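User: I would like to learn how to read the features of a two-chain model, one feature at a time. Could you take me through the general idea in each case and then show me the case at hand?

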2 protein chains.
Amino acid sequence: MSPGIFARDTAVRPSGEGVYASAICRNWDIGGKANGGYLLAIAARAMAAETGRPDPVTITAHYLSPGSVSDVEVQVRTIRSGKRFAVASASLVAGDRPLLQVLGTFGDLSAGDDTFERIEAAPPQMPPPESCVVQDPSNGAPRIFGSMDLRLDPEDAGFLRGEPSGLMRTRGWFRLLHEEPVDTLGLLLAVDAFPPTAFNARLPVAWTPTVELTVHLRARPASGWLRASFSTRFVSAGFLEEDGEVWDSTGRLVAQSRQLALLPRAAG
Amino acid sequence: MSPGIFARDTAVRPSGEGVYASAICRNWDIGGKANGGYLLAIAARAMAAETGRPDPVTITAHYLSPGSVSDVEVQVRTIRSGKRFAVASASLVAGDRPLLQVLGTFGDLSAGDDTFERIEAAPPQMPPPESCVVQDPSNGAPRIFGSMDLRLDPEDAGFLRGEPSGLMRTRGWFRLLHEEPVDTLGLLLAVDAFPPTAFNARLPVAWTPTVELTVHLRARPASGWLRASFSTRFVSAGFLEEDGEVWDSTGRLVAQSRQLALLPRAAG
(Lines give C-alpha, C1' and ligand atoms only; values in the text may rest on other atoms or scores of the structure.)
Protein backbone atom coordinates (compact mmCIF):
# COMPACT_ATOMS: atom_id res chain seq x y z
CA MET A 1 0.00 0.00 0.00
CA SER A 2 1.37 3.44 -0.87
CA PRO A 3 1.54 5.96 1.95
CA GLY A 4 -1.28 8.43 2.31
CA ILE A 5 -0.86 11.97 1.10
CA PHE A 6 -0.25 13.34 4.57
CA ALA A 7 2.57 10.87 5.24
CA ARG A 8 3.99 11.57 1.79
CA ASP A 9 3.74 15.36 2.10
CA THR A 10 5.47 15.34 5.51
CA ALA A 11 8.20 12.84 4.61
CA VAL A 12 11.76 13.70 5.61
CA ARG A 13 15.06 12.15 4.60
CA PRO A 14 18.38 12.40 6.45
CA SER A 15 20.74 14.77 4.66
CA GLY A 16 23.48 15.36 7.24
CA GLU A 17 24.17 15.05 10.93
CA GLY A 18 20.90 15.95 12.61
CA VAL A 19 19.67 17.46 9.36
CA TYR A 20 16.63 16.29 7.39
CA ALA A 21 15.44 17.41 3.98
CA SER A 22 11.79 17.85 3.16
CA ALA A 23 9.53 19.98 0.99
CA ILE A 24 6.46 22.10 1.65
CA CYS A 25 3.71 20.89 -0.64
CA ARG A 26 0.86 22.98 -2.04
CA ASN A 27 -1.77 20.53 -0.78
CA TRP A 28 -1.88 22.17 2.68
CA ASP A 29 -2.14 25.78 1.54
CA ILE A 30 -4.46 28.38 2.96
CA GLY A 31 -4.32 31.41 0.71
CA GLY A 32 -0.84 30.58 -0.51
CA LYS A 33 0.58 29.92 2.96
CA ALA A 34 1.22 26.47 4.37
CA ASN A 35 -0.90 25.42 7.34
CA GLY A 36 1.00 25.74 10.63
CA GLY A 37 0.08 22.28 11.89
CA TYR A 38 1.34 20.77 8.64
CA LEU A 39 4.68 22.57 9.04
CA LEU A 40 4.92 21.40 12.63
CA ALA A 41 4.30 17.81 11.50
CA ILE A 42 7.27 18.00 9.11
CA ALA A 43 9.52 19.22 11.91
CA ALA A 44 8.14 16.62 14.34
CA ARG A 45 8.74 13.79 11.88
CA ALA A 46 12.41 14.78 11.68
CA MET A 47 12.60 15.05 15.48
CA ALA A 48 11.05 11.59 15.88
CA ALA A 49 13.57 10.17 13.43
CA GLU A 50 16.52 11.86 15.12
CA THR A 51 15.52 10.88 18.67
CA GLY A 52 14.35 7.38 17.73
CA ARG A 53 11.06 8.01 19.56
CA PRO A 54 7.95 7.78 17.42
CA ASP A 55 5.54 10.09 19.23
CA PRO A 56 5.60 13.72 20.31
CA VAL A 57 4.26 13.85 23.87
CA THR A 58 4.35 17.63 24.24
CA ILE A 59 5.56 19.88 21.47
CA THR A 60 5.71 23.65 21.04
CA ALA A 61 6.31 25.65 17.88
CA HIS A 62 7.00 29.37 17.62
CA TYR A 63 6.09 30.69 14.19
CA LEU A 64 8.74 32.94 12.70
CA SER A 65 7.77 33.37 9.10
CA PRO A 66 5.03 31.96 6.84
CA GLY A 67 5.92 28.92 4.73
CA SER A 68 5.01 28.35 1.11
CA VAL A 69 5.92 25.76 -1.50
CA SER A 70 9.68 25.17 -1.33
CA ASP A 71 12.37 22.76 -0.26
CA VAL A 72 12.97 22.95 3.46
CA GLU A 73 15.43 21.59 5.96
CA VAL A 74 14.89 20.51 9.55
CA GLN A 75 17.89 20.92 11.84
CA VAL A 76 17.40 18.78 14.93
CA ARG A 77 19.35 18.81 18.17
CA THR A 78 18.74 16.13 20.79
CA ILE A 79 19.04 17.81 24.18
CA ARG A 80 18.46 14.84 26.41
CA SER A 81 17.78 11.20 25.71
CA GLY A 82 16.39 9.38 28.73
CA LYS A 83 14.87 5.98 29.36
CA ARG A 84 11.30 7.01 28.69
CA PHE A 85 11.54 10.38 26.92
CA ALA A 86 13.87 12.33 24.67
CA VAL A 87 13.85 16.13 24.43
CA ALA A 88 14.85 17.78 21.18
CA SER A 89 14.78 21.19 19.56
CA ALA A 90 14.43 21.83 15.84
CA SER A 91 14.55 24.63 13.31
CA LEU A 92 12.52 24.38 10.12
CA VAL A 93 14.21 26.58 7.53
CA ALA A 94 13.56 27.43 3.87
CA GLY A 95 16.94 28.41 2.48
CA ASP A 96 18.19 30.97 4.99
CA ARG A 97 14.75 31.84 6.27
CA PRO A 98 13.68 30.24 9.58
CA LEU A 99 9.98 29.35 9.52
CA LEU A 100 9.49 27.51 12.80
CA GLN A 101 11.41 26.94 16.00
CA VAL A 102 10.27 23.83 17.83
CA LEU A 103 10.85 22.23 21.22
CA GLY A 104 9.45 18.80 22.00
CA THR A 105 9.49 15.85 24.34
CA PHE A 106 9.17 12.56 22.45
CA GLY A 107 8.33 9.05 23.60
CA ASP A 108 6.35 5.97 22.64
CA LEU A 109 2.58 6.22 23.10
CA SER A 110 1.81 2.87 21.48
CA ALA A 111 1.60 0.94 24.71
CA GLY A 112 -0.87 3.22 26.41
CA ASP A 113 -0.77 3.29 30.15
CA ASP A 114 -3.22 1.67 32.47
CA THR A 115 -2.71 3.97 35.44
CA PHE A 116 -5.49 5.84 37.13
CA GLU A 117 -7.87 7.67 34.78
CA ARG A 118 -10.17 10.58 35.53
CA ILE A 119 -11.80 12.65 32.82
CA GLU A 120 -13.99 15.66 33.55
CA ALA A 121 -15.07 16.51 30.03
CA ALA A 122 -16.69 14.79 27.09
CA PRO A 123 -16.34 14.85 23.31
CA PRO A 124 -18.44 17.55 21.62
CA GLN A 125 -21.97 16.49 20.75
CA MET A 126 -22.54 17.10 17.04
CA PRO A 127 -24.66 15.87 14.18
CA PRO A 128 -23.06 12.95 12.31
CA PRO A 129 -20.37 13.78 9.71
CA GLU A 130 -22.80 13.38 6.82
CA SER A 131 -24.96 16.15 8.29
CA CYS A 132 -22.02 18.50 8.83
CA VAL A 133 -20.60 21.18 6.57
CA VAL A 134 -17.85 20.53 4.02
CA GLN A 135 -15.68 23.37 2.72
CA ASP A 136 -15.06 22.74 -0.95
CA PRO A 137 -11.93 24.11 -2.67
CA SER A 138 -13.74 23.94 -6.00
CA ASN A 139 -16.12 26.49 -4.48
CA GLY A 140 -13.39 28.84 -3.26
CA ALA A 141 -12.42 27.22 0.05
CA PRO A 142 -8.69 27.03 0.81
CA ARG A 143 -6.86 24.22 -0.95
CA ILE A 144 -6.11 22.40 2.32
CA PHE A 145 -9.78 21.39 2.59
CA GLY A 146 -9.33 19.19 -0.49
CA SER A 147 -6.47 17.30 1.19
CA MET A 148 -8.32 16.11 4.28
CA ASP A 149 -11.89 15.38 5.27
CA LEU A 150 -13.06 18.06 7.70
CA ARG A 151 -16.72 18.57 8.56
CA LEU A 152 -17.92 21.55 10.55
CA ASP A 153 -20.74 21.41 13.03
CA PRO A 154 -23.49 23.43 11.27
CA GLU A 155 -23.87 25.54 14.43
CA ASP A 156 -20.27 26.71 13.99
CA ALA A 157 -20.31 27.08 10.20
CA GLY A 158 -22.41 30.25 9.96
CA PHE A 159 -19.40 32.38 9.14
CA LEU A 160 -19.25 30.63 5.75
CA ARG A 161 -22.50 32.34 4.72
CA GLY A 162 -21.75 35.62 6.48
CA GLU A 163 -23.69 34.68 9.60
CA PRO A 164 -21.10 34.03 12.32
CA SER A 165 -22.55 32.48 15.44
CA GLY A 166 -21.03 35.12 17.68
CA LEU A 167 -19.56 32.37 19.84
CA MET A 168 -15.80 31.88 19.95
CA ARG A 169 -16.07 28.20 19.18
CA THR A 170 -15.42 25.76 16.34
CA ARG A 171 -16.38 22.08 16.41
CA GLY A 172 -16.19 19.38 13.84
CA TRP A 173 -15.08 16.01 12.52
CA PHE A 174 -11.65 15.24 11.08
CA ARG A 175 -10.05 12.41 9.17
CA LEU A 176 -7.43 11.99 6.48
CA LEU A 177 -8.39 10.95 2.95
CA HIS A 178 -8.55 7.37 1.66
CA GLU A 179 -8.49 5.89 5.18
CA GLU A 180 -4.96 7.10 5.87
CA PRO A 181 -4.52 6.53 9.60
CA VAL A 182 -4.10 9.61 11.80
CA ASP A 183 -1.07 9.06 13.99
CA THR A 184 0.30 11.48 16.55
CA LEU A 185 1.89 13.52 13.73
CA GLY A 186 -1.48 13.68 12.02
CA LEU A 187 -2.91 15.08 15.25
CA LEU A 188 -0.51 18.03 14.92
CA LEU A 189 -2.31 18.84 11.69
CA ALA A 190 -5.75 18.22 13.17
CA VAL A 191 -5.33 20.74 15.99
CA ASP A 192 -4.51 23.54 13.53
CA ALA A 193 -6.68 22.56 10.57
CA PHE A 194 -10.03 23.98 11.68
CA PRO A 195 -11.19 27.51 10.89
CA PRO A 196 -10.10 29.87 13.68
CA THR A 197 -12.57 30.56 16.48
CA ALA A 198 -12.27 34.23 15.46
CA PHE A 199 -14.29 33.48 12.32
CA ASN A 200 -17.38 32.94 14.44
CA ALA A 201 -16.60 35.60 17.00
CA ARG A 202 -17.47 38.76 15.09
CA LEU A 203 -14.02 40.10 15.97
CA PRO A 204 -12.95 43.11 13.95
CA VAL A 205 -10.18 41.12 12.22
CA ALA A 206 -9.85 38.96 9.15
CA TRP A 207 -7.05 36.73 10.37
CA THR A 208 -5.31 35.79 13.60
CA PRO A 209 -1.73 34.70 12.89
CA THR A 210 -0.31 32.07 15.23
CA VAL A 211 2.54 33.16 17.47
CA GLU A 212 2.91 29.84 19.25
CA LEU A 213 1.23 26.43 19.28
CA THR A 214 1.61 23.78 21.98
CA VAL A 215 0.15 20.30 21.64
CA HIS A 216 -0.06 17.59 24.29
CA LEU A 217 -0.51 14.11 22.85
CA ARG A 218 -2.07 11.49 25.10
CA ALA A 219 -2.53 8.53 22.80
CA ARG A 220 -2.43 7.31 19.21
CA PRO A 221 -5.98 7.62 17.90
CA ALA A 222 -8.09 4.59 17.10
CA SER A 223 -9.14 4.41 13.46
CA GLY A 224 -12.21 6.32 12.35
CA TRP A 225 -13.48 9.87 12.67
CA LEU A 226 -11.91 12.23 15.19
CA ARG A 227 -14.04 14.81 16.97
CA ALA A 228 -12.48 18.19 17.69
CA SER A 229 -13.51 21.27 19.58
CA PHE A 230 -11.80 24.67 19.77
CA SER A 231 -12.66 27.63 21.94
CA THR A 232 -11.40 31.04 22.98
CA ARG A 233 -12.12 32.79 26.26
CA PHE A 234 -9.66 35.67 26.36
CA VAL A 235 -9.28 38.27 23.65
CA SER A 236 -7.16 41.00 25.22
CA ALA A 237 -4.01 43.06 24.88
CA GLY A 238 -3.79 42.25 21.18
CA PHE A 239 -3.78 38.48 21.73
CA LEU A 240 -6.12 35.56 21.94
CA GLU A 241 -5.70 31.95 22.93
CA GLU A 242 -7.33 29.04 21.15
CA ASP A 243 -7.78 25.85 23.17
CA GLY A 244 -8.39 22.59 21.37
CA GLU A 245 -9.34 19.05 22.27
CA VAL A 246 -9.33 16.07 19.93
CA TRP A 247 -11.14 12.83 20.74
CA ASP A 248 -10.93 9.55 18.85
CA SER A 249 -13.73 7.24 17.72
CA THR A 250 -13.63 5.35 21.01
CA GLY A 251 -14.33 8.57 22.94
CA ARG A 252 -10.78 8.88 24.23
CA LEU A 253 -9.04 12.25 24.50
CA VAL A 254 -6.00 11.98 22.21
CA ALA A 255 -4.73 15.57 22.08
CA GLN A 256 -5.02 18.90 23.81
CA SER A 257 -3.77 22.06 22.16
CA ARG A 258 -3.41 25.72 22.92
CA GLN A 259 -2.19 28.42 20.63
CA LEU A 260 -1.46 32.08 21.17
CA ALA A 261 -2.54 34.17 18.21
CA LEU A 262 -2.25 37.83 17.35
CA LEU A 263 -5.18 40.15 16.98
CA PRO A 264 -3.61 42.38 14.34
CA ARG A 265 -3.27 46.01 15.45
CA ALA A 266 -4.43 47.34 12.14
CA ALA A 267 -7.82 45.82 12.93
CA GLY A 268 -11.00 47.65 12.22
CA MET B 1 15.72 50.69 47.48
CA SER B 2 17.30 47.25 47.41
CA PRO B 3 15.75 44.73 45.03
CA GLY B 4 13.23 42.26 46.42
CA ILE B 5 14.30 38.72 47.14
CA PHE B 6 12.72 37.35 43.99
CA ALA B 7 14.60 39.83 41.78
CA ARG B 8 17.79 39.11 43.71
CA ASP B 9 17.39 35.32 43.60
CA THR B 10 16.76 35.33 39.84
CA ALA B 11 19.50 37.83 38.95
CA VAL B 12 21.77 36.97 36.02
CA ARG B 13 25.04 38.52 34.87
CA PRO B 14 26.61 38.24 31.42
CA SER B 15 29.57 35.87 31.46
CA GLY B 16 30.24 35.27 27.77
CA GLU B 17 28.62 35.58 24.38
CA GLY B 18 24.97 34.73 24.96
CA VAL B 19 25.91 33.19 28.31
CA TYR B 20 24.65 34.36 31.70
CA ALA B 21 25.70 33.25 35.16
CA SER B 22 23.23 32.83 37.99
CA ALA B 23 22.69 30.70 41.07
CA ILE B 24 19.84 28.57 42.37
CA CYS B 25 18.98 29.79 45.83
CA ARG B 26 17.53 27.72 48.68
CA ASN B 27 14.64 30.15 49.19
CA TRP B 28 12.51 28.54 46.49
CA ASP B 29 12.97 24.92 47.56
CA ILE B 30 10.26 22.32 47.79
CA GLY B 31 11.68 19.30 49.55
CA GLY B 32 15.23 20.11 48.45
CA LYS B 33 14.30 20.77 44.81
CA ALA B 34 14.00 24.22 43.30
CA ASN B 35 10.54 25.27 42.15
CA GLY B 36 10.11 24.95 38.38
CA GLY B 37 8.63 28.42 37.91
CA TYR B 38 11.57 29.93 39.77
CA LEU B 39 14.02 28.11 37.47
CA LEU B 40 12.08 29.29 34.43
CA ALA B 41 12.26 32.89 35.71
CA ILE B 42 16.08 32.69 35.88
CA ALA B 43 16.22 31.46 32.28
CA ALA B 44 13.68 34.06 31.14
CA ARG B 45 15.63 36.89 32.77
CA ALA B 46 18.69 35.90 30.75
CA MET B 47 16.59 35.62 27.58
CA ALA B 48 15.11 39.08 28.18
CA ALA B 49 18.61 40.50 28.65
CA GLU B 50 19.97 38.80 25.55
CA THR B 51 17.07 39.80 23.28
CA GLY B 52 16.68 43.28 24.73
CA ARG B 53 12.93 42.67 25.19
CA PRO B 54 11.72 42.91 28.77
CA ASP B 55 8.69 40.59 28.74
CA PRO B 56 8.10 36.97 27.84
CA VAL B 57 4.91 36.84 25.77
CA THR B 58 4.76 33.08 25.42
CA ILE B 59 7.36 30.82 26.93
CA THR B 60 7.74 27.06 27.19
CA ALA B 61 10.08 25.04 29.38
CA HIS B 62 10.78 21.32 29.18
CA TYR B 63 12.09 20.00 32.49
CA LEU B 64 15.10 17.73 32.12
CA SER B 65 16.45 17.31 35.60
CA PRO B 66 15.59 18.72 39.06
CA GLY B 67 17.55 21.77 40.22
CA SER B 68 18.98 22.34 43.66
CA VAL B 69 21.26 24.93 45.23
CA SER B 70 24.18 25.51 42.85
CA ASP B 71 25.71 27.91 40.40
CA VAL B 72 23.99 27.72 37.04
CA GLU B 73 24.50 29.08 33.56
CA VAL B 74 21.94 30.16 30.98
CA GLN B 75 23.00 29.75 27.37
CA VAL B 76 20.78 31.89 25.16
CA ARG B 77 20.43 31.86 21.40
CA THR B 78 18.39 34.54 19.65
CA ILE B 79 16.63 32.87 16.76
CA ARG B 80 14.81 35.85 15.30
CA SER B 81 14.71 39.49 16.26
CA GLY B 82 11.80 41.33 14.66
CA LYS B 83 10.22 44.73 15.06
CA ARG B 84 7.74 43.70 17.74
CA PHE B 85 8.97 40.33 19.01
CA ALA B 86 12.17 38.36 19.43
CA VAL B 87 12.29 34.57 19.62
CA ALA B 88 15.02 32.90 21.65
CA SER B 89 15.92 29.48 23.01
CA ALA B 90 17.84 28.86 26.19
CA SER B 91 19.43 26.05 28.18
CA LEU B 92 19.69 26.29 31.95
CA VAL B 93 22.58 24.08 33.03
CA ALA B 94 24.22 23.24 36.36
CA GLY B 95 27.76 22.24 35.48
CA ASP B 96 27.28 19.68 32.71
CA ARG B 97 23.74 18.82 33.73
CA PRO B 98 20.93 20.41 31.70
CA LEU B 99 17.99 21.33 33.94
CA LEU B 100 15.66 23.17 31.59
CA GLN B 101 15.30 23.74 27.88
CA VAL B 102 13.30 26.86 27.08
CA LEU B 103 11.78 28.46 23.99
CA GLY B 104 10.19 31.90 24.18
CA THR B 105 8.85 34.85 22.28
CA PHE B 106 9.72 38.13 23.99
CA GLY B 107 8.35 41.65 23.57
CA ASP B 108 7.33 44.72 25.51
CA LEU B 109 4.04 44.47 27.38
CA SER B 110 4.37 47.83 29.14
CA ALA B 111 2.30 49.77 26.66
CA GLY B 112 -0.70 47.53 26.77
CA ASP B 113 -2.84 47.44 23.71
CA ASP B 114 -6.19 49.07 23.28
CA THR B 115 -7.53 46.77 20.60
CA PHE B 116 -10.80 44.91 20.90
CA GLU B 117 -11.31 43.08 24.18
CA ARG B 118 -13.61 40.15 24.93
CA ILE B 119 -13.32 38.08 28.08
CA GLU B 120 -15.52 35.08 28.79
CA ALA B 121 -14.32 34.24 32.27
CA ALA B 122 -13.88 35.96 35.60
CA PRO B 123 -11.35 35.88 38.43
CA PRO B 124 -12.05 33.20 41.04
CA GLN B 125 -14.37 34.27 43.84
CA MET B 126 -12.64 33.66 47.17
CA PRO B 127 -12.65 34.88 50.74
CA PRO B 128 -10.25 37.80 51.29
CA PRO B 129 -6.54 36.95 51.79
CA GLU B 130 -6.79 37.37 55.57
CA SER B 131 -9.41 34.61 55.66
CA CYS B 132 -7.36 32.25 53.48
CA VAL B 133 -4.89 29.56 54.45
CA VAL B 134 -1.15 30.21 54.88
CA GLN B 135 1.37 27.37 54.64
CA ASP B 136 4.05 28.00 57.21
CA PRO B 137 7.58 26.59 56.75
CA SER B 138 8.11 26.78 60.52
CA ASN B 139 5.29 24.22 60.71
CA GLY B 140 6.75 21.90 58.12
CA ALA B 141 5.56 23.51 54.86
CA PRO B 142 8.12 23.67 52.03
CA ARG B 143 10.63 26.49 52.36
CA ILE B 144 9.31 28.29 49.28
CA PHE B 145 6.20 29.32 51.25
CA GLY B 146 8.39 31.51 53.45
CA SER B 147 9.71 33.40 50.40
CA MET B 148 6.38 34.59 49.00
CA ASP B 149 2.92 35.33 50.32
CA LEU B 150 0.55 32.66 49.07
CA ARG B 151 -2.90 32.16 50.55
CA LEU B 152 -5.07 29.18 49.67
CA ASP B 153 -8.82 29.34 49.35
CA PRO B 154 -9.99 27.32 52.38
CA GLU B 155 -12.18 25.23 50.06
CA ASP B 156 -9.02 24.05 48.30
CA ALA B 157 -6.81 23.67 51.37
CA GLY B 158 -8.36 20.52 52.80
CA PHE B 159 -5.44 18.37 51.68
CA LEU B 160 -3.32 20.10 54.33
CA ARG B 161 -5.33 18.41 57.08
CA GLY B 162 -5.77 15.13 55.23
CA GLU B 163 -9.18 16.07 53.87
CA PRO B 164 -8.71 16.70 50.14
CA SER B 165 -11.73 18.27 48.47
CA GLY B 166 -11.82 15.62 45.78
CA LEU B 167 -11.93 18.38 43.16
CA MET B 168 -8.95 18.83 40.83
CA ARG B 169 -8.71 22.55 41.61
CA THR B 170 -6.49 24.97 43.52
CA ARG B 171 -7.32 28.66 44.02
CA GLY B 172 -5.62 31.37 46.01
CA TRP B 173 -3.94 34.73 46.38
CA PHE B 174 -0.33 35.49 45.50
CA ARG B 175 2.10 38.32 46.10
CA LEU B 176 5.80 38.72 46.70
CA LEU B 177 7.14 39.74 50.11
CA HIS B 178 7.77 43.33 51.25
CA GLU B 179 5.74 44.81 48.40
CA GLU B 180 8.16 43.61 45.74
CA PRO B 181 6.30 44.17 42.47
CA VAL B 182 5.33 41.10 40.45
CA ASP B 183 6.48 41.65 36.87
CA THR B 184 6.07 39.21 34.00
CA LEU B 185 9.01 37.18 35.32
CA GLY B 186 7.32 37.02 38.72
CA LEU B 187 4.25 35.62 36.97
CA LEU B 188 6.36 32.67 35.81
CA LEU B 189 6.83 31.86 39.48
CA ALA B 190 3.17 32.50 40.33
CA VAL B 191 1.85 29.97 37.80
CA ASP B 192 3.95 27.16 39.30
CA ALA B 193 3.95 28.14 42.98
CA PHE B 194 0.60 26.73 44.08
CA PRO B 195 0.13 23.21 45.41
CA PRO B 196 -0.65 20.85 42.50
CA THR B 197 -4.29 20.16 41.72
CA ALA B 198 -3.46 16.50 42.35
CA PHE B 199 -3.24 17.24 46.08
CA ASN B 200 -6.97 17.80 46.21
CA ALA B 201 -7.86 15.13 43.70
CA ARG B 202 -7.43 11.97 45.76
CA LEU B 203 -5.18 10.62 42.99
CA PRO B 204 -3.11 7.61 43.97
CA VAL B 205 0.14 9.61 43.73
CA ALA B 206 2.23 11.78 46.01
CA TRP B 207 3.78 14.01 43.36
CA THR B 208 3.25 14.93 39.74
CA PRO B 209 6.54 16.02 38.18
CA THR B 210 6.30 18.63 35.45
CA VAL B 211 7.28 17.54 31.95
CA GLU B 212 6.53 20.86 30.31
CA LEU B 213 5.16 24.28 31.27
CA THR B 214 3.87 26.92 28.87
CA VAL B 215 2.89 30.40 30.00
CA HIS B 216 1.17 33.12 28.00
CA LEU B 217 1.67 36.60 29.42
CA ARG B 218 -0.92 39.22 28.54
CA ALA B 219 0.09 42.19 30.65
CA ARG B 220 2.28 43.38 33.48
CA PRO B 221 0.21 43.09 36.64
CA ALA B 222 -1.01 46.14 38.54
CA SER B 223 0.32 46.31 42.11
CA GLY B 224 -1.51 44.41 44.81
CA TRP B 225 -2.72 40.87 45.32
CA LEU B 226 -2.97 38.49 42.37
CA ARG B 227 -5.74 35.91 42.19
CA ALA B 228 -4.92 32.54 40.69
CA SER B 229 -6.86 29.46 39.77
CA PHE B 230 -5.62 26.05 38.60
CA SER B 231 -7.60 23.10 37.38
CA THR B 232 -7.20 19.69 35.79
CA ARG B 233 -9.74 17.94 33.58
CA PHE B 234 -7.82 15.07 32.04
CA VAL B 235 -5.91 12.45 34.00
CA SER B 236 -5.14 9.72 31.48
CA ALA B 237 -2.40 7.65 29.89
CA GLY B 238 -0.04 8.45 32.74
CA PHE B 239 -0.33 12.24 32.28
CA LEU B 240 -2.37 15.14 33.51
CA GLU B 241 -2.58 18.77 32.46
CA GLU B 242 -2.85 21.68 34.86
CA ASP B 243 -4.40 24.87 33.49
CA GLY B 244 -3.81 28.14 35.30
CA GLU B 245 -5.10 31.68 35.13
CA VAL B 246 -3.71 34.66 37.01
CA TRP B 247 -5.65 37.91 37.44
CA ASP B 248 -4.34 41.17 38.82
CA SER B 249 -5.92 43.49 41.39
CA THR B 250 -7.79 45.38 38.67
CA GLY B 251 -9.50 42.17 37.55
CA ARG B 252 -7.41 41.85 34.40
CA LEU B 253 -6.16 38.47 33.15
CA VAL B 254 -2.36 38.74 33.19
CA ALA B 255 -1.27 35.15 32.56
CA GLN B 256 -2.53 31.81 31.33
CA SER B 257 -0.56 28.66 31.92
CA ARG B 258 -0.73 24.99 31.08
CA GLN B 259 1.61 22.29 32.20
CA LEU B 260 1.85 18.63 31.36
CA ALA B 261 2.74 16.55 34.39
CA LEU B 262 3.48 12.89 34.90
CA LEU B 263 1.36 10.57 36.94
CA PRO B 264 4.18 8.32 38.13
CA ARG B 265 3.82 4.71 37.02
CA ALA B 266 4.87 3.40 40.38
CA ALA B 267 1.70 4.92 41.80
CA GLY B 268 -0.34 2.99 44.21
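Analyst: What follows goes from the overall fold of one chain to a helix, some single residues and then the contact between the chains. Please keep in mind throughout that this is a predicted model.

User: Let us begin with the fold: how many helices and strands does chain A have, and what radius of gyration would a compact globule of 268 residues have?

Analyst: The secondary structure of chain A amounts to three helices and 17 strands. For 268 residues, a compact globule would be expected to have a radius of gyration near 18 Å, and the 18 Å of chain A agrees with that. Along its principal axes, the C-alpha trace of chain A spans about 50 × 45 × 40 Å.

User: What share of the residues of chain A count as buried, and what share of the contacts with a separation of 6 or more join residues 24 or more positions apart?

Analyst: Burial is read here from a count of neighbouring C-beta atoms, with 20 or more within 10 Å making a residue buried. Of the 268 residues in chain A, 53% count as buried, and among the contacts of chain A with a separation of 6 or more, 70% come from residues 24 or more positions apart.

User: How should I read a single helix, for instance H2 of chain A: what is its length from end to end, and how many of its residues are buried?

Analyst: One compares the span of a helix with the span expected at 1.5 Å a residue. Helix H2 of chain A, residues 36-51, has 16 residues and reaches 22 Å from its first C-alpha to its last, close to the expected 22 Å. H2(A) is also mostly covered, since 15 of its 16 residues are buried, and just after H2(A) comes A:Gly52, which takes a positive phi of about 70°.

User: Which residue has a positive phi although it is not a glycine, and is A:His178 buried or exposed?

Analyst: A:His178 has a positive phi of about 55° without being a glycine, and it lies in the loop between strand E12 (169-176) and helix H3 (184-190) of chain A. A:His178 counts as exposed because it has 10 C-beta neighbours inside 10 Å, where the cut-off for exposed is 12 or fewer. In chain B, B:His178 likewise has a positive phi of about 55°, and B:His178 is exposed, with 10 other C-beta atoms within 10 Å.

User: Where is A:Ser91 found, and why is A:Ser91 not classed as buried or exposed?

Analyst: A:Ser91 is found in strand E7, residues 86-94 of chain A. A:Ser91 has 19 other C-beta atoms within 10 Å and is therefore partly exposed, falling between the two cut-offs. Leaving aside neighbours within four places in sequence, A:Ser91 is in contact with A:Gln75, A:Pro98 and A:Gln101.

User: How are the two chains related, and through which surface do the copies meet?

Analyst: Two copies of a chain are related by a rotation about an axis and a shift along it. Chain A can be laid on chain B with an RMSD of 0.0 Å by a turn of 180° and a shift of 0.0 Å along the axis. The two copies are thus related as by a two-fold rotation axis. The copies meet through the same surface, because 100% of the interface residues of chain A are also interface residues in chain B.

User: What does the contact consist of, by residues and by strands?

Analyst: Chain A brings 45 residues to the contact and chain B brings 46 residues. On the side of chain A that touches chain B there are 21 nonpolar, 13 polar and 11 charged residues. Strand E9 (residues 118-119) of chain A and strand E15 (residues 234-236) of chain B run antiparallel and are joined by two bridges, and the bridge partner of A:Arg118 in E15(B) is B:Val235.

Definitions and conventions. Residues are numbered from 1 along each chain as its sequence is written. Chains are lettered from A and ligands numbered from 1 in the order in which they are written. This is a predicted model: local features need pLDDT of at least 70, side-chain atom pairs count only at pLDDT 80 or more; totals for chains, interfaces and linings use all residues. Two residues are in contact if their C-beta atoms, placed from the backbone, lie within 7 Å. Ala, Val, Leu, Ile, Met, Phe, Trp, Tyr, Cys and Pro count as nonpolar, Asp, Glu, Lys and Arg as charged, and the others, Gly among them, as polar. Two strands pair if DSSP finds at least two bridges between them. Helices (H or I, at least four residues) and strands (E, at least two) are DSSP runs, numbered from the N terminus. The radius of gyration is taken over C-alpha atoms; the globule rule is 2.2 Å times the number of residues to the power 0.38. Copies are superposed by least squares on the C-alpha atoms of residues with pLDDT of at least 70 in both.
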